[in-house]
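This report describes a sheet, the helix lying on it, and the cysteines of one structure. The sequence and model are shown first.

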Amino acid sequence: PGGEDGERVDHLLARQPAAGLVAEIGKLTAPYRAPNEPCLFAANIQVPGSPCINVVLLFLLPTCAAERGLASTAADRKFGQVWRRYYEDLPVGPAGLDPRTAPPDAGTCPPDHFRNQRFKLVPRLVDGPWVVKSALPQKPALLGTKLTQRYFRGECYVETDVHVGSSVVANNITGLCR
């Protein structure tokens with residue numbers, strides 16, 4: 001669910017009950033990864049409306065053992081390099097931001113930053129009205145160039161918050177879907 005007053009909620013993995021789950025996963029994966037190496041990636045899709053909805057996708061990642069020469073394929077090594085570049089300059093930060101009091105650019109990167117040029121989503125509506133299907137192109141969308149994204153990092157995770165309401169087009173399509 002979204003915030004209590006219909007506002008988006010940033011940095012969900014730093015808040016309970018998610019923080020407890022993340023801590024447990026961090027303990028379980030610690031022997032298999034380097035210190036402070038994230039093992040979880042969370043995509044927090046913030047859908048505006050009443051109520052505001054957060055769709056959180058949580059991925060347990062292979063450790064970057066690929067970069068340490070322990071992986072078997074070139075694809076594993078390439079993934080490790082791209083993943084490290086995605087998170088390496090993010091500071092390990094405190095608990096979530098309150099969007100009402102945080103600066104408007106908190107957790108954001110410039111539009112040409114590496115992270116904003118990498119996170120893609122392929123929208124697909126399996127079943128629904130024709131008018132909604134026709135409004136939703138089924139092609140990869142580079143979200144960081146179209147929507148405001150905020151990035152957060154904890155001891156064993158990286159979270160990307162995608163604010164769908166930051167784009168008029170995305171907001172209209174979301175309104176049709178609702």
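The sections below treat the sheet, its central pairings, the covering helix and the cysteines of this predicted model.

## Sheet layout

The sheet is open and built from 4 strands in the order 2-1-6-5, with mixed pairing. Strand 2 (53-60) and strand 5 (148-153) are the edge strands; each has a single partner strand, so one side of each is left without a neighbour in the sheet. On average, neighbouring strands are turned by 15° against each other, with direction ignored.

## Strand pairings

Strand 1 (40-47) is joined to strand 2 by 8 bridges, and the two run antiparallel. One position in this pairing is Gln46, whose bridge partner in strand 2 is Asn54. The two strands form a hairpin with 5 residues between them. In the turn, Gly49 has a positive phi of about 135°.

Strand 1 also pairs with strand 6, here in the parallel sense and over 7 bridges. Within strand 6, Val158 stands opposite Phe41. Strand 6 (residues 157-163) is in turn joined to strand 5 by 6 bridges, and these two strands run antiparallel. Thr148 has His163 of strand 6 as its bridge partner.

## Burial of strand 1 and the helix

Strand 1 is mostly covered, with 8 of its 8 residues buried. In a regular strand, side chains alternate between the two faces of the sheet. In strand 1, Leu40, Ala42, Asn44 and Gln46 point one way, while Phe41, Ala43, Ile45 and Val47 point the other way. Both sets are buried, and they include the polar-named positions Asn44 and Gln46.

Helix 1 (residues 18-29) lies across strand 1, strand 2 and strand 6. The helix runs at about 10° to strand 2.

## Cysteines

How many disulfides does a search of the whole structure find? The search returns 0. Cys156 is in no disulfide: the nearest cysteine sulfur belongs to Cys39 and is 4.4 Å away. A pair of cysteine sulfur atoms has to lie within 2.5 Å to count as a disulfide, so a distance of 4.4 Å does not qualify.

Is Cys156 buried or exposed? Cys156 is buried, with a relative accessible area of 6%. Cys109 is buried as well, at a relative accessible area of 17%. Both values fall under the 20% cut-off for a buried residue.

Key. Residues numbered from 1 in each chain as written. Predicted model: local features only at pLDDT ≥ 70, side-chain atom pairs only at ≥ 80, totals over all residues. Heavy atoms only, no water. Pairing = 2+ DSSP bridges. Axes fitted to C-alpha atoms, helices over the stretch in contact; angles between N-to-C directions. Contact = heavy atoms within 4.5 Å. Buried < 20%, exposed > 50% of the residue type's maximum accessible area, 1.4 Å probe, protein only.
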